[in-house]
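Got a minute to look at a model together? Let's go through it by question and answer, starting with the strands.

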Amino acid sequence: MSLFNRRLPKPVVILLILLSSFSSVMSQSSKVTLNGYVRDASNGEELIGVTVYFPELKKGVITNAYGFYSITIAEGAYEITFSYVGYTTIQKSLTLSSSTELNIELEEATETMQEVVISAEAADANVTDIAISTEKVDMTQLKNMPAVFGEPDLIKMVQMMPGVITAGEGTSAYFVRGGSADQNLILIDEAPIYDPSHLFGYISVFNSDVIKESQLYKGGIPAQYGGRLSSILDVRTIDGNNKDFGGSAAIGTLASKAMIEGPIKKDRGSYLLSARRSYADLFLKIVGNENRVYFYDVNAKVNWKQSNKDRFFVAGYFGRDAFKLGGVFGFDWGNTTGTFRWNHLFSEKLFSNTTFIASQFDYGLELEDEALGFRWTSVIDELSFKQHFNWFVTPKNELNFGYNLTYRRFQPGNLQPNVESSIFENVELQKLYALDHALYLGNKQVVSDKLTMEYGVRFSIFQNVGPGDVKIYEDPQDNIRPEVVRVDSYSSFEPIITYYNLEPRFSARYLLSDVSSVKLSYNRMAQNVHLISSGTVPLPFNTWNPSSTYLKPQLADQVAAGYFRNFKDNMYEMSFEGFYKYMQDVTDFADNANIFFNEDLATEFRQGDSEAYGLEFQLKKNIGKFTGFVNYTLSKVTRTVPGVNHGNPFPSNYDRRNSFNLLASYELNEKWNFTSTFTYSTGRPITLPTGQYQYQYYNPSYISERNGYLLPDYHRLDFSAVLVPLKNKNRHMQTKWVFSVYNAYNRKNAFTLYSREKEADGQPTGEKEFVMIYLFPIVPSVTFNLSF
């Protein structure tokens, strides 16, 4: 069976016309090409987003995600500048009579913060760059910001960005422009992370010591990305120092970590190894407590430069959480990823990245009991091949194209007895399999000095494949007594159902002046994996399902527009953005659905539409002793799903109407830095019973409206102070102390609310009462860091 999703948007036609005009560039006369890599002089790391600029021509290019640049110009003598925020600008004089390779190493700026002059080509990216609805995480701010238990957390920084909503503290889930948490694609070195949480979300899986760059795409998403509706969080780890041996270590309130890096052969290859572990379980064991609570993660990376045309990378992430309560009941979960990447330069204009990826997420539940002992596991495995080409055709046209293939195996559940006397028998839900193909083509075109466009299309082909049996129901919406008409059987890799989707992408930037611009974007996204969860916050014990006979792909169309303005020589950046997103076939579940170990789970699926729109404001200060940002989001999200809430529209679980976030950092001197964050948001919707009725010996709750109530507003103030006592005193070793206070005024923020039977004198009264759950009071912490 094959289906082509309807309601294809008209912009496809416009994109095809724009792409056809691209052929005109091939008629240009022969010119010379300057290309190469730009690296950090201290450690050999490739630098992403360096501006390579020709002042006489008023033309330039930026390095790609692998530090490579290429620009084709007429023969002649030129002045060329290489500039990057936080680094000293290099200016070169070259006479180009033939194609030339020029590799550059940039030194970090050594001036004090007041004296640093950041070149206009880099600092005005807020205005001049075509990127819209894209946020880049400042790693210095991340490492200095206050955090619960003193552990810097990338996801907590992402949750403070405009257009991003959080479910509350104690969770790594985030919601982007009306999308649910499972509609965010999270990548580490191009490999997907299905659950980014440690300790149920108190902190995330990302160790800040190994992050090189992270970027969040909320809209204007390039054609090379796909697979989720709402956002892409692309995290790249450092490659390892290929010049000198070094490392770092930290001891904190919650966990300790260590990292080493160094050259395999100087300027040719390097390695990186980092590990982090919590130690609450060690203290519990010392005091004789049988509970066990811990997490760990390991990052490893090796890279080797065979020549200037070939470089190889191998990266891995391994992380796990484990809880054991009273020595009887336990649960655990973890992510494992592996990436092999080959960068190859076919010519001075054509750059290739070939990637093989493996990713696994699994969780387990276990009960140790002579009669009821069991072990429950669920696993999702993913293998991917990606071939990406970056073709620097002319200074005005940069083409990106490629192919992705992903194979997924879903094991929804496997129940096994863990003792011979257990009443349980081996039971396994049917495994599910899928193939996901994508072809994409995109062009970044400089139309004029004022207008730049990026347009393209992604063609995705999704196949739910065998082996497996598919139940055909008389009424797929009957989740009470589902009647099976027949069962169709499929062999290995035999297509069960195929879905095709065209996903057009378009972005444009128009310069109003040297300090202001307007930007516009449209993108369609398709998603073929669905989180099986009925709650607001994804838990590690939720499972995933592929699109199938009774589960259509989810689709999202989003339009965004914004005004961008810089002030005082790019010291301040300001932006206003508005967005509208319409989502089709979003996945929900029937009221009172049974989603745990249900062999007829397909009858619980309900799909409908969702609508989100909002305004975002951001003001940032990037230069000087005092830096920081102010972010505000006003948004609304509603869903309409047949069979849910009587078919009436209802607010989504994460419809927080107002969200405000502030970060302020002050560099007192070379030793002390002080940072404060404040966050406020409207209370999120929640579903509560409006009454109860008697059924035999039970008093079930009666729910009249989905998400008809709001939790109290959320707000919190945090502080941190960073002391670097040995800075500039010992150039081989440096120490750092981080003092942090989380929830400084001890606000009781509601995590959730639930109902229970009210008691009087220890006896049930037959009435219900609501109980609020709070997580963190004021939490002070201290972390000691050592680097060498």
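Q: In S7, which residue is the bridge partner of Tyr78?
A: Keep in mind that this is a predicted model. Strand S6 covers residues 76-83 and pairs with S7 in the antiparallel sense, over seven bridges. Follow the bridge from Tyr78 across to S7 and you land on Leu94.

Q: What is the strand order in the open sheet of four strands?
A: The pairing in this sheet is antiparallel. Its edge strands are S4 (59-62) and S7 (90-96), each pairing on one side only. From one strand to the next, the twist averages 25°. Reading across, the order is S4-S3-S6-S7.

Q: In S18, which residue is the bridge partner of Ser214?
A: Here we're on another pair: strand S17 (residues 211-217) and strand S18 (residues 231-237) run antiparallel, over six bridges. Cross from Ser214 into S18 and the partner is Val235.

Q: Which strands are the edge strands of the five-strand open sheet?
A: This sheet has mixed pairing and the order S10-S17-S18-S13-S14. An edge strand here pairs on one side only, and that picks out S10 (134-136) and S14 (191-192).

Q: How many helices and strands does the protein have?
A: The sheets above draw on a longer list of elements. Counted over the protein, the secondary structure comes to six helices and 52 strands.

Q: What share of the residues count as buried?
A: To count as buried, a residue needs under 20% relative accessible area. The protein has 788 residues, and the buried share is 54%.

Note on methods. Residues are numbered from 1 along each chain as its sequence is written. This is a predicted model: local features need pLDDT of at least 70, side-chain atom pairs count only at pLDDT 80 or more; totals for chains, interfaces and linings use all residues. Side-chain values use heavy atoms; hydrogens and water are left out. Two strands pair if DSSP finds at least two bridges between them. Helices (H or I, at least four residues) and strands (E, at least two) are DSSP runs, numbered from the N terminus. Buried means under 20% relative accessible area, exposed over 50%, partly exposed in between (1.4 Å probe, protein chains only). Axes are lines fitted to C-alpha atoms, for helices over the stretch in contact, and angles run from 0 to 180 degrees between N-to-C directions.
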